[in-house]
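Visitor: I would like to learn how to read a structure like this one feature by feature, with the general idea before each case. Could we go through it together?

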Amino acid sequence: LARGPLGRDLAGRHVVVSAGGTREALDPVRFLGNRSSGIQGYALARTAVARGARVTLVSANVGLPDPAGATVVRVESAEQMRSAVLEAAGNADAVVMAAAVADFRPAEYRDAKIKKVAGAGPEPIHLVKNPDILAELGARPHPGQVVVGFAAETHDVLANGREKLARKGADLLVVNQVGEDLTFGRPDNAAVVLAAEGDPVEVPRGPKEDLADVVWDLVVARLKPISG
Ligand code: CTP
Ligand code: CA
């Protein structure tokens with residue numbers, strides 16, 4: 001596989017990248033969240049800018065500097081991320097969902113801080129399902145758009161990845177093994193990229209920028225020629 005950055009092979013393209021991890025509010029001071037650092041998504045945004053793309057980065061709770069040249073849209077929750085991603089995706093050539101989107105959110109948001117009640121145990125937290133943004137894009141509202149997902153798996157990495165790629169309707173699924181500090185918050189990553197059409201591509205452990213460039217190589221190979 002030819003590896004980027006190979007010049008401005010995303011020039012004239014609009015790409016959307018989601019990054020970070022959503023927070024699902026319980027009350028004004030508490031949320032359910034996850035450990036996504038946003039490093040991989042920000043690397044995807046930076047490398048896409050370097051390759052000439054117009055980049056919309058939908059960023060959930062990331063403490064990293066804005067990538068120069070990208071339009072950054074800040075969101076907190078999965079529902080906010082859905083609105084921002086779907087809006088930006090309307091005219092996008094590719095969407096890469098690198099964010100860790102919470103599968104569930106608290107069924108009810110309490111306007112006032114939840115307090116302990118003397119003598120009573122904790123109230124259970126009821127959850128409801130969040131929308132699946134990647135699956136919505138995988139249902140192809142925008143024909144020709146290249147749709148990329150990420151999956152973090154702790155076991156049966158390839159089998160789970162294959163099933164997820166098919167279930168989401170994505171063109172590409174970047175699968176990494178997580179657990180024991182293999183991915184979260186680290187600058188490097190190892191992964192296998194599964195394709196709906198084409199062979200899997202193994203990406204050896206290296207900087208998250210290198211994985212990002214492999215993803216863009218595979219995206220570029222799937223883009224329709226620019227008409228005009
Ligand atoms: N994703 C999404 N919306 C959700 C959940 C996940 O868009 N509500 C996207 C993620 O951004 C990622 C991909 O789907 O690109 C896979 O996420 P993952 O959590 O691995 O998939 P799930 O279908 O939620 O499966 P699991 O039960 O393993 O968490
Ligand atoms: Ca999930």
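**Reading salt bridges, strands and cores**

Guide: Let us begin with a charged side chain, Arg-74, which is exposed, with a relative accessible area of 55%. Please keep in mind throughout that this is a predicted model.

Visitor: With which residue does Arg-74 meet in a salt bridge?

Guide: The general idea is that side chains of opposite charge can pair when their charged atoms come close. Here the partner of Arg-74 is Asp-66, and the N to O distance in this salt bridge is 2.4 Å. Asp-66 counts as partly exposed, because its relative accessibility is 42%, and buried would require under 20%.

Visitor: How many salt bridges does the structure hold?

Guide: There are 14 salt bridges in the structure. One of them is formed by Arg-51 with Asp-9, where the closest N and O atoms are 2.8 Å apart. Arg-51 lies in the loop between α1 (39-50) and β4 (54-60), whereas Asp-9 lies in the segment before β1, so the pair ties together parts that are 42 residues apart in sequence.

Visitor: Is Arg-51 buried or exposed?

Guide: Arg-51 counts as buried, at 0% relative accessibility, while its partner Asp-9 is partly exposed, with a relative accessible area of 25%. Arg-51 also forms a salt bridge with Asp-217, and there the closest N and O atoms are 2.7 Å apart. This second pair links distant parts of the chain, since Asp-217 sits in helix α5 and Arg-51 in the loop between α1 and β4, 166 residues apart. Asp-217 counts as buried as well, at 9% relative accessibility.

Visitor: Which residues are joined into one network by salt bridges that share partners?

Guide: The network consists of Asp-9, Arg-51, Asp-213 and Asp-217.

Visitor: Let us turn to strands. Which way do the side chains of strand β6 point?

Guide: For a strand, one can look at the directions of its side chains and then at its pairing partners. In strand β6 (residues 94-97), Ala-94 and Val-96 point one way and Val-95 and Met-97 the other way, and all of them are buried.

Visitor: Which strands pair with β6, and in what sense?

Guide: Strand β1 (residues 14-20) pairs with β6 in the parallel sense over four bridges, and Val-17 has Val-96 of β6 as its bridge partner. Strand β9 (residues 146-153) also runs parallel to β6 and is joined to it by four bridges, with Val-95 standing opposite Val-147 in β9.

Visitor: Over how many bridges do β9 and β10 pair?

Guide: β9 and β10 pair in the parallel sense over six bridges, and Val-148 stands opposite Leu-172 in β10. Strand β10 (residues 172-177) is mostly covered, with five of its six residues buried.

Visitor: How should I read the nonpolar core, and which residues have the most contacts inside the largest one?

Guide: A useful approach is to find the residues with the most contacts and then ask which element supplies the core. The largest nonpolar core has 36 residues, and those with the most contacts inside it are Leu-44, Val-148, Val-174, Val-193, Leu-211, Trp-216 and Val-219. Helix α5 (residues 208-222) gives the most to this core, with seven residues. Apart from this core lies another, of 25 residues, among them Val-95, Ala-99, Leu-165 and Val-175.

Visitor: Which residues are in contact with Val-148, leaving aside its neighbours within four places in sequence?

Guide: Val-148 is in contact with Val-95, Val-96, Met-97, Leu-134, Leu-172, Val-174, Val-215 and Val-219.

Visitor: Which nonpolar residues form a patch on the surface?

Guide: Phe-104, Ile-125 and Leu-127 form such a patch, with about 280 Å² of accessible area together. Leu-127, found in strand β8 (residues 127-129), is partly exposed, with a relative accessible area of 44%.

Visitor: Finally, the loops: is Ser-77 buried or exposed?

Guide: Ser-77, in the loop between β5 (70-75) and α2 (78-89), is buried, with a relative accessible area of 15%. Not counting residues up to four places away in sequence, Ser-77 touches Thr-22, Arg-23 and Glu-24. Asp-156, by contrast, is found in the loop between β9 and α4 (157-168) and is exposed, with a relative accessible area of 52%.

Note on methods
Residues numbered from 1 in each chain as written. Chains lettered and ligands numbered in written order. Predicted model: local features only at pLDDT ≥ 70, side-chain atom pairs only at ≥ 80, totals over all residues. Heavy atoms only, no water. Patch = residues over 30% accessible without salt bridge, like charges linked within 9 Å, V, L, I, M, F, W, Y side chains within 5 Å. Areas by Shrake-Rupley, 256 points an atom, 1.4 Å probe, with all protein chains shown as cover. Salt bridge = Lys/Arg side-chain N within 4 Å of Asp/Glu carboxyl O. Helix = DSSP H or I, 4+ residues; strand = E, 2+ residues; numbered from the N terminus. Buried < 20%, exposed > 50% of the residue type's maximum accessible area, 1.4 Å probe, protein only. Pairing = 2+ DSSP bridges. Contact = heavy atoms within 4.5 Å. Core = buried A, V, L, I, M, F, W, Y, C linked by side-chain atoms within 4.5 Å.
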